Amino acid sequence: MAKVRVYELAKELGLESKAVMAKLTELGEFVRSASSTIEAPVVRKLTDALGATPPAGGSSAKPGPRKPAAPTPAGAPGAAAPRPGAPTPGPRPTVTPGPRPTQAPAAAA
């Protein structure tokens, strides 16, 4: 387990950050604010003192990988306005497929 922020741990344990900070101070650990990080042994020490189950693996408060946003059509609500002076995209050229190449029959040997 890597370092975890006090407010993330409090969220996982269902407690307020102030309560977690007070308990850490009571246990002799120095934390300046809820955004301070604490090491894995301190997390274990705190969860043992609280009688809570430690968070599994790591912090679940961290977001996972982001999915790319779907493109919004121009003129739709929420679409970005074009920058002044930026070239405006014209209509896309249509591509018509040409004749398909044929394979020559295999020569009998």
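**View 1. The order of elements along the chain is β-α-α-β-α, read from the N terminus.** This is a predicted model, and its chain holds three helices and two strands. Of the 109 residues in the chain, 18% count as buried. The accessible surface adds up to about 9,200 Å², and carbon and sulfur atoms account for 58% of that surface. Look also at how the chain meets itself: among contacts with a separation of 6 or more, 59% are between residues 24 or more positions apart.

**View 2. The largest nonpolar core has 13 residues.** Which of them touch the most other members? They are V6, L9, V20, L24, V31 and I38. Three elements, α1 (6-13), α2 and α3 (40-50), each give two or more residues to this core. The biggest share comes from α1, with four residues.

**View 3. V31 sits in a loop, between α2 (17-26) and β2 (37-38).** Is V31 buried or exposed? V31 counts as buried because its relative accessibility is 11%, and the cut-off for buried is under 20%. So here is a loop residue that also belongs to the largest nonpolar core.

**View 4. Zoom in on the surroundings of V31 and you can find its contacts.** Which residues does V31 touch, once its neighbours within four places in sequence are set aside? V31 is in contact with V6, M21, L24, T25, S36 and I38. Take M21 as one of these partners: M21 and V31 are ten residues apart along the chain, and their C-alpha atoms are separated by 6.7 Å. Two other partners, V6 and L24, are also named among the core residues that touch the most other members.

Definitions and conventions:
Residues are numbered from 1 along each chain as its sequence is written. This is a predicted model: local features need pLDDT of at least 70, side-chain atom pairs count only at pLDDT 80 or more; totals for chains, interfaces and linings use all residues. Side-chain values use heavy atoms; hydrogens and water are left out. Buried means under 20% relative accessible area, exposed over 50%, partly exposed in between (1.4 Å probe, protein chains only). Contact means heavy atoms within 4.5 Å. Accessible areas come from the Shrake-Rupley method with a 1.4 Å probe; for residues, only the protein chains shown count as cover. A nonpolar core is a set of buried Ala, Val, Leu, Ile, Met, Phe, Trp, Tyr and Cys residues joined through side-chain atoms within 4.5 Å.
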